[in-house]
Amino acid sequence: MVDLATQYQAIKSDIDSAIQEVLDSSVFIGGPVVQRFQKSLEAYLSVKHVIPCANGTDALQIAMMALGLKPGDEVITPSFTYIATTEVIALLGLTPVFVDVDPKTFCLDPSKIEAAVTPKTKAIVPVHLYGQASDMDAIMEIARKHRLFVIEDNAQGIGSDYYSKDGETRKLGTIGDIGCTSFFPSKNLGCYGDGGAIFTNNDALAEQLRMVANHGQKVKYRHDVVGCNSRLDAIQAAILNVKLPKLDEYVAARIKVADFYDRVLGASDKIETPYRDGKSKHVFHQYTVQLKGVDRDALQAYLASKEIPSMIYYPAPAHKQGMFKSFNLGDLDLPVTEELTKHVISFPIHTEMTEEQQAFICSEILHFVNAN
Ligand SMILES: *Cc1c(COP(=O)(O)O)cnc(C)c1O
């Protein structure tokens, strides 16, 4: 699905010397390299505060802890997402309230949010799935009206621009109270291990986020709140310092692949290509289509026989996972989510794809859907 080896070869000398510098300095945790990455990411995102942390799941957890969410508080979130988003809600004893997604964007459907708001609702966690922005204008309006926090799960959307209806262009992840991202190797901005970051424009929240991520301390050995230990290490920061300046180029490469797929696969009426609504720049963490009347398992098996990988993100909705059994969500009705889990399929997309690879993949996909 991705080709991290070829990407590494293209930047090998810069990466190797950046890692070597960390080894020579022997400052492995914190220090100038991590600080430089934090400042560069703040500049890239035009956001006041970036708090680096250990991974994207921690970023979400720290965000919810820093906002002071308490057991019993309700958090509105999609069920059609990677499990991390909803897992941390349950981990903190909060109550996930699953809202259906929009059939075109695959992101939280704002028209269904207000019906889910109760006096216990404290936050909305939109997920910018596959690199497609959620409808942040509408979500922020609902949040303001009901005084809810917004935590953007931007693990798949880093590098995207959101064109707000006030005429401003903002980096995705910097619109809500807090944005969270992951630097897992296969993400759009990936390091070579685990990494994550939290963003906010709110000074008081930034202080709280930093404290929670660092054992609840502001002053060494004084622990004011219950926190956790979540750090981005210097080797990962050094790798990210090399890759961040290339993020826009990487995003452009992904969009080019998506454009090619759209052009070729869009010709089939059995394939619905990803929606692009002009309200944001889709950064294609995944290239995911909906199949119409095509046997998905058979297509996957056929592609596998041609050594073409494909993936189902995600084969089951979060609310049907065993981890939420105690919430008795069995008969929760999320028709769009259910449909998508049955019909979506993702094809390879990455920054080093050749036109030959794209043409080969498309011709095999079309060969199968046209014959079946
Ligand atoms: C990857 C991902 C996460 C978690 O990030 P990790 O760094 O793997 O902990 C959270 N949410 C979404 C939508 C993701 O894709």
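Biologist: How many Å separate an oxygen atom of the ligand from an N or O atom in the side chain of serine 182?

Modeller: This is a predicted model. A polar contact needs a pair of N or O atoms within 3.5 Å. The side chain of serine 182 offers such an atom to a ligand oxygen, and the separation is 2.7 Å.

Biologist: Which polar side-chain atom lies 2.5 Å from an oxygen atom of the ligand?

Modeller: The residues around the ligand include Asn55, Gly56, Thr57, Ser182 and Lys187. In lysine 187, a polar side-chain atom is 3.1 Å from a ligand oxygen. The 2.5 Å distance to a ligand oxygen belongs to a polar side-chain atom of threonine 57.

Biologist: What percentage of the area that the ligand exposes when taken alone does the protein bury?

Modeller: Among the residues lining the ligand are also Tyr82, Val127, Asp153 and Gln156. Taken alone, the ligand exposes 380 Å². Of that area, the protein buries 92%.

Biologist: Which helix gives the most to the largest nonpolar core?

Modeller: That core has 70 residues, and those touching the most other members include Leu41, Phe183, Tyr261 and Leu265. Domain 1 (4-245) and domain 2 (247-371) each supply at least three residues. The top contribution, nine residues, comes from residues 247-265, helix H8.

Biologist: Leaving aside neighbours within four places in sequence, which residues is leucine 265 in contact with?

Modeller: Leucine 265 is one of the core residues that touch the most other members, as are Tyr287 and Phe347. Both Tyr287 and Phe347 are on its own contact list. With sequence neighbours within four places set aside, that list reads Ile271, Thr273, Tyr287, Phe347, Cys362, Ile365 and Leu366.

Conventions:
Residues numbered from 1 in each chain as written. Predicted model: local features only at pLDDT ≥ 70, side-chain atom pairs only at ≥ 80, totals over all residues. Heavy atoms only, no water. Core = buried A, V, L, I, M, F, W, Y, C linked by side-chain atoms within 4.5 Å. Buried < 20%, exposed > 50% of the residue type's maximum accessible area, 1.4 Å probe, protein only. Helix = DSSP H or I, 4+ residues; strand = E, 2+ residues; numbered from the N terminus. Domains from an automatic or database assignment. Contact = heavy atoms within 4.5 Å. Near = heavy atom within 4 Å. Polar contact = N/O pair within 3.5 Å; in protein donor to acceptor, adjacent residues only side chain to side chain. Areas by Shrake-Rupley, 256 points an atom, 1.4 Å probe, with all protein chains shown as cover.
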